[in-house]
Amino acid sequence: MNFFEHQDRAKAKTSRLVWLFILTVLLLTGLIYLTVAFSLVLNAEMDDSVSMWNPEVLLWVIVGNTLVIGGGCLFKMLELGGRGDKVAQMLGGRLVHPETTDPAEQRLIHVIEEMAIASGVTMPEVYVLKDHSINAFAAGSKTSEAVIGVTTGCLNLLSRDELQAVMAHEFSHILNGDMRLNIRMIALLHGILSITIIGRILLELGWYERSYSDDDENGGNIGLALLGLAFMAIGGLGLAMSQVIKAAVSRQREFLADASAVQFTRNPEGITGALKKIGGIPQGRRIKNAHAEEASHLFFGNGLQADSGFSLGNLSTHPPLVERIRRIDPQFDGAFPVIEYQPPESEPDQNSSKAQSGAHFLQSSVMAGVAMVGARKNWNPSQALNGQTQVSRVQLNHATELLQAMDPALHQAS
């Protein structure tokens, strides 16, 4: 496949879809103005001085809509702007220590280190989710705070080449800024939802007098209630349009990540093999977690539905498996191999294997610190050698700086 051509195509379509988001916001502003202006004309009764065109009202609508959507976006971005490890822990992930003794986890660490070098991205923290499906995700608002999560099904059912391709796919999301894009899209959806919330408040205020007044002749503020209904309808329309655009953007980024995986690995069979196994295993890519829906767009596969042939169409955040495979292998006939999950004799416990501390932790910090970056902070090496502290990100960052300052020839020899 010509993966550069596929990447350019996906990026171009993403740009057009992002512009559709902006047009959606402008359309909502126009609809809100028409609603408010029409309400003013109705309330003015026979006053000919009031018309549908009112620049002052338009200005207030633009300012108000900007504050409402912008405030909703800002609130959601602050809420989602944390580290990727919060997302991994929310999904039930367990941090994998760099010196893990589990063979499958050791292979995973080595593969991720290789992909970090191939993509030029710093080595992220790694989490394992105890789930029989084949899936993975990348999360974090910044590259330096990104984490990669992998299901145990992914570890145990994929070959090394297939696992490498899936990790390359996730590194593409980190490298191409998809994590930031996803957060911005979620924030914009929340901002548009704020219009619906305001509409509901206006509706409740409009009917308040009817519900709580002792005067039977008082029918409440019908005009305010109708205005609230209109706002709810406009917000619902905008939310539906934005959901469709968000899903379309997410699908294009999946195509981009698939093409980038081929670029990083130079092995098209790796990514197609992993996708075929997803289609052949009964569990498919479905994540059994209460928070899976919130993070569905982060996963390698949809994460919500089993592969039974059912599709959410334009609302699906991932393209159909067959389409993804044929983008890379046009000769694919659509037949998936039958895969049965057989857990290994000693599958790691989700709540065990906490990060180790002790005499060997300094060696771990050097190994993991090869790719970590961040702020430097003073720490006591003698205390570390005596095992009187635990590995921290600060120490890993310090180890990174030491390695970067080392003579390249000496570094290579070590």
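In which helix is the place of isoleucine 22? Isoleucine 22 belongs to helix 1, which spans residues 3-44. The legends below describe close-up views of a predicted model.

**View A. Overall content of the protein chain.** The predicted chain contains 15 helices and 4 strands. Of its 414 residues, 46% are buried. Among contacts with a separation of 6 or more, 73% are between residues 24 or more positions apart. The accessible surface of the chain is about 21,100 Å², and carbon and sulfur atoms contribute 57% of this area.

**View B. A nonpolar surface patch that includes isoleucine 22.** Trp19, Leu20, Ile22, Leu23 and Leu26 together form a nonpolar patch of about 530 Å² on the surface. Isoleucine 22, a residue of helix 1, has a relative accessible area of 41%. Because this value lies between the 20% limit for buried residues and the 50% limit for exposed ones, isoleucine 22 is classed as partly exposed.

**View C. The largest nonpolar core, around Leu108 and Met167.** This core comprises 44 residues, and Leu108 and Met167 touch the most other members. When neighbours within four places in sequence are set aside, the contacts of methionine 167 are Leu108, Val111, Ile112, Met115, Ala136, Ile148 and Val150. Another core, of 22 residues, lies apart from the largest one; its members include Phe21, Ala37, Met185 and Val249.

**View D. The four-stranded open sheet.** The strands are arranged in the order 1-2-4-3, and their pairing is mixed. Strand 1 (94-95) and strand 3 (136-139) occupy the edges; each has a single partner strand, so one side of each lacks a neighbour in the sheet.

**View E. The parallel pairing of strand 2 with strand 4.** Strand 2 (residues 125-129) and strand 4 (residues 147-151) run parallel and are joined by 5 bridges. Within this part of the sheet, tyrosine 127 is placed opposite glycine 149 of strand 4.

**View F. Edge strand 3 and its antiparallel pairing with strand 4.** The two strands are linked by 4 bridges in the antiparallel sense, with alanine 139 opposite valine 147 of strand 4. Are the residues on the two faces of strand 3 buried or exposed? Ala136 and Ala138 on one side are buried, as are Phe137 and Ala139 on the other, and both faces of the strand are thus covered. Ala136 of this strand is also one of the residues in contact with methionine 167.

Technical notes: Residues are numbered from 1 along each chain as its sequence is written. This is a predicted model: local features need pLDDT of at least 70, side-chain atom pairs count only at pLDDT 80 or more; totals for chains, interfaces and linings use all residues. Side-chain values use heavy atoms; hydrogens and water are left out. A nonpolar core is a set of buried Ala, Val, Leu, Ile, Met, Phe, Trp, Tyr and Cys residues joined through side-chain atoms within 4.5 Å. Buried means under 20% relative accessible area, exposed over 50%, partly exposed in between (1.4 Å probe, protein chains only). Contact means heavy atoms within 4.5 Å. Patches are made of residues with over 30% relative accessible area and no salt bridge: like charges are joined within 9 Å, nonpolar side chains (Val, Leu, Ile, Met, Phe, Trp, Tyr) within 5 Å. Accessible areas come from the Shrake-Rupley method with a 1.4 Å probe; for residues, only the protein chains shown count as cover. A salt bridge is a side-chain nitrogen of Lys or Arg within 4 Å of a carboxyl oxygen of Asp or Glu. Two strands pair if DSSP finds at least two bridges between them.
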